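Trainee: Could you take me through one part of this structure up close? I'd like to see what sits around it, and then how the rest fits in.

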Amino acid sequence: MIAKTILTVDDSSSFRQMLAFSLKAVGYRVVEAIDGEDGLEKAKSHTFDLVLTDQNMPRMDGLTLIRSLRALENYRKVPILMLTTEAGDDMKMKGRAAGANGWLVKPFDPQRLNEVVKKVIG
Amino acid sequence: MKNGLALQLERLLSGVSDHGVRHLAEVEADLAQTGALLGDAIEKLGASFLAIHAAARAQQEMVALLAADNAIAPEIIAKLQAMSGEMNQHVGIAVTNLQFHDLTSQLIGRVLQRVAGLQQVLAAFGSGTLAVPPESGDDQIAALINGINRKVAVRSKRLDSVLWKTVRQNRMESGEAELF
């Protein structure tokens, strides 16, 4: 069975490192992007099974990335989760309106993260 | 000869500006150094964490091979499995805590932006920038002070509007997860 591939988008390299470590430990493949613009470029050349994105990033933030992805035909149904320090209801509503399927607040617990990811993509 | 009050006002404003800008430059330098140290530390911590984990995994695989060969007594295998479980728990906790750099660098970045904004506000009435007309009477001085108050208020509000607080956590405990 081919492993599912997750695109992780975050401008913090140390954070991406922990995210990749946690996801690869349970068998997912991970492709990293350094910000929203990089994430969008990578998404245009490959349809990932899941996108995990931060909100506050240079060049393109998470909400803008989500809206841009949802405008792509092959990303209408791909699950997208926000993984961000922001926990306010206002931001969550904006995320949901933009097209996010879920919201995780940093820092993440790897076990909990993997439970959520498994629930979303198996 | 300048009205005494006008001269004093000019000296006060340029003094506040010059001292403020100088001290803020030091704050900026210290914060940048703090950021650099934290960046260096997380890079090394991250690398060591992955190396330790890889070594522990390799050790566990060796133990599994020995167990498969019946080379280890069952009670020892049970103890090793319990230790492995404990180690996995600590790995999870370490992963959560190694995310500190992401949160702290966001906070430091915000402080640096605020410092830069304050430097701009103070520089607006620095030495040679704001000249108080020599024959200014009390009314003109009052008008000048009001003008400065308004400018400071506008710049302060502008600074607040771009410094959205993105990190409110005080502890490195895992955050909530919600599926819509």
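Mentor: Let's start with D35(A): in this predicted model its relative accessibility is 3%, so it counts as buried, the cut-off being under 20%. D35(A) belongs to the loop between strand 2 and helix 2 of chain A. Look at what its side chain does there. A side-chain oxygen comes to within 3.1 Å of the backbone nitrogen of E37(A), at the start of helix 2 of chain A. The D35(A) side chain also reaches the backbone nitrogen of D38(A), at 2.9 Å. Then there's a side-chain partner: R59(A), whose side chain makes a polar contact with that of D35(A) at 2.7 Å. Leaving out residues up to four places away in sequence, D35(A) touches V9(A), M57(A), P58(A), R59(A) and M60(A).

Now follow the chain into helix 2 of chain A, residues 36-45. Its buried residues are G36(A), D38(A), G39(A), L40(A) and A43(A), so D38(A), whose backbone nitrogen the D35(A) side chain reaches, is on that list under the cut-off of 20%. What do these buried residues pack against? They pack against strand 1 (5-9), strand 2 (29-33) and helix 3 (62-70), again of chain A.

Next, the nonpolar cores. The largest one has 25 residues, and the members that touch the most other members are I6(A), L19(A), L23(A), L52(A), F108(A), L113(A) and V117(A). Both chains feed into this core: two or more residues come from each of helix 1 (13-25), strand 3 (50-53), strand 4 (80-84) and helix 5 (110-121) of chain A, and from helix 1 (4-68) and helix 2 (74-97) of chain B. Helix 1 of chain A gives the most, six residues. Try clicking on L113(A): not counting residues up to four places away in sequence, it touches L19(A), S22(A), L23(A), L52(A), L104(A) and F108(A). Apart from that core lies another, of 23 residues, with A33(A), A43(A), Y75(A) and A98(A) among them. You've met A43(A) already, as one of the buried residues of helix 2 of chain A.

Last stop, chain B. H101(B) is in helix 3 of that chain, residues 100-123. At 15% relative accessibility, H101(B) counts as buried. With residues up to four places away in sequence left out, H101(B) touches L38(B), G39(B) and I42(B), plus S14(A) from the other chain. If you then head along chain B to P134(B), 33 residues from H101(B), you'll find the two C-alpha atoms separated by 53 Å.

Note on methods
Residues are numbered from 1 along each chain as its sequence is written. Chains are lettered from A and ligands numbered from 1 in the order in which they are written. This is a predicted model: local features need pLDDT of at least 70, side-chain atom pairs count only at pLDDT 80 or more; totals for chains, interfaces and linings use all residues. Side-chain values use heavy atoms; hydrogens and water are left out. Helices (H or I, at least four residues) and strands (E, at least two) are DSSP runs, numbered from the N terminus. Buried means under 20% relative accessible area, exposed over 50%, partly exposed in between (1.4 Å probe, protein chains only). Contact means heavy atoms within 4.5 Å. A polar contact is a pair of N or O atoms within 3.5 Å; within protein, one must be able to donate a hydrogen and the other to accept it, and residues adjacent in sequence count only if both atoms are side-chain atoms. A nonpolar core is a set of buried Ala, Val, Leu, Ile, Met, Phe, Trp, Tyr and Cys residues joined through side-chain atoms within 4.5 Å.
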